[in-house]
Amino acid sequence: MTELTHVDGEGRARMVDVSAKPETTRVAVAAGELVTTPEVIALVRSESMPKADVLTTARIAAIAGAKKTSELIPLCHQLSLSSVKVEFAFTDTSITVEATAKTRGQTGVEMEALTAVAIAGLTLHDMVKAVDPGATMNGVRLLTKDGGKHGYWTRERPNTEVPATHVFATNRSATVLVASTGGAAGTRPDTTGPAITGWLVDRGFEVRGPLVYADADIAAGIADAKSGDPALIISTGGTGISPTDATPEATRAVLSRELPGIADAIRGKGLEKTPHASLSRGVAGLTGSTVIVNLPGSPGGVKDGLTVLDPIIDHLLAQVAGAGAHDE
């Protein structure tokens, strides 16, 4: 049985000596959600809360909290953080929080990522309590970590009841990526990212995101989405023909193999409703063992794309993972 590292041979709490460990790049991703009322969600999204700029305040608090983790949790080491990134998204009744902490050192950054999420949640509660004193911060958890002797770790798929006919690939992780200049600036609410997230969660995925990047930064967004090697990345937005639409180009730059049938099927589904669907340039393919699918940036385009993916996604991921390789 694995021993607790923060307890010595006599059962006393101790700070672990990490001086003999090699320095490696360490990354940890944690998440949680503030469950509240639809009224609060509407007020936060429209920046109409009695206390102003709720998300910016919570993001700053989360970053500050991550920096002070060693002061808040007695046995944590002081770390030189190279990056703390905090992302928010919405459902009808919750604000989801995701924090990514990075460093290069001799011990991990799990606690820093978790502290960032917890402090963001407490700050969100403080900001919305005038409207909803019953809001709750739920599900603060570590999603992934990387670096050190044990390398990459990811949380196992939740024990969700699913139909027996579904055969899942071993890796049931997904990342949602949104290309939206207005969304990244906080001037336009994102509805497509949460819709994709909800669809994935309903099908038993452990989901990271939505990660929201400006159109001009979508290549960096794809690199971020790929971290941790998820089984699936679904992007939305940036697939049109305007000068700033660059998602297909950024996606093709990382693909090792294209899956043109998926992209064509998504366009075909859209064409059943509008001829404008022919203008979508979205692509699909593989980067390593990760499937990437571009969806349009409209709610209707996302709905059409998910309709196409629904009957094939489990088989697709199983094939990529090597299951039934001789059945085709």
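**Notebook: salt bridges and a cavity around Arg208**

Entry 1. I began with Arg208 and found that this residue forms a salt bridge with Glu98, with 3.1 Å between the closest N and O atoms. The two partners come from distant parts of the chain, since I find Arg208 in strand β7 (residues 206–213) and Glu98 in strand β3 (residues 94–105), 110 residues apart. I note here that I am working from a predicted model. When I looked up accessibility, both Arg208 and Glu98 came out as buried.

Entry 2. Which other residue forms a salt bridge with Arg208? I found Asp224, where the closest N and O atoms are 2.5 Å apart. This pair also links distant parts of the chain, with Arg208 in strand β7 and Asp224 in helix α7 (residues 218–226), 16 residues apart. I checked burial again for this pair, and Asp224 is buried, as is Arg208.

Entry 3. I then asked which residues are linked with Arg208 in a network of salt bridges. The network I wrote down consists of Lys85, Glu87, Glu98, Arg208 and Asp224. For the structure as a whole, I recorded 14 salt bridges.

Entry 4. I next turned to Arg203, which forms a salt bridge with Asp310, the closest N and O atoms lying 2.7 Å apart. Arg203 sits in the loop between α6 (192–202) and β7, while Asp310 sits in the loop between α10 (299–309) and α11 (313–320), so this pair ties together parts that are 107 residues apart in sequence. I also looked up the accessibility of Asp310: its relative accessibility is 36%, and because buried means under 20% and exposed means over 50%, I entered Asp310 as partly exposed.

Entry 5. I went on to look for enclosed space, and the structure holds 1 cavity of 30 Å³ or more. For the largest cavity I noted a volume of about 130 Å³. How many residues line the largest cavity, and which are the closest to its centre? I counted 14 lining residues, of which Thr144, Tyr152, Ser173, Thr175 and Arg208 are the closest to the centre. Arg208 thus appears again in my notes, here in the lining of the largest cavity, having already been entered as a member of the salt-bridge network.

Entry 6. I finished with the make-up of that lining. Strands β4 (136–146), β6 (173–179) and β7 each supply at least two residues to the lining of the largest cavity. By residue class, I recorded 6 nonpolar, 6 polar and 2 charged residues in the lining of the largest cavity.

Note on methods. Residues are numbered from 1 along each chain as its sequence is written. This is a predicted model: local features need pLDDT of at least 70, side-chain atom pairs count only at pLDDT 80 or more; totals for chains, interfaces and linings use all residues. Side-chain values use heavy atoms; hydrogens and water are left out. A salt bridge is a side-chain nitrogen of Lys or Arg within 4 Å of a carboxyl oxygen of Asp or Glu. Helices (H or I, at least four residues) and strands (E, at least two) are DSSP runs, numbered from the N terminus. Buried means under 20% relative accessible area, exposed over 50%, partly exposed in between (1.4 Å probe, protein chains only). On a 1 Å grid over the protein atoms alone, a cavity is a set of points where a 1.4 Å probe fits but cannot get out, and a pocket is an open set with protein on both sides within 12 Å along at least five of seven lines; lining residues have an atom within 4 Å of a point. Grid points are joined across faces, edges and corners, and a volume is the space filled by probe spheres set on the points. Ala, Val, Leu, Ile, Met, Phe, Trp, Tyr, Cys and Pro count as nonpolar, Asp, Glu, Lys and Arg as charged, and the others, Gly among them, as polar.
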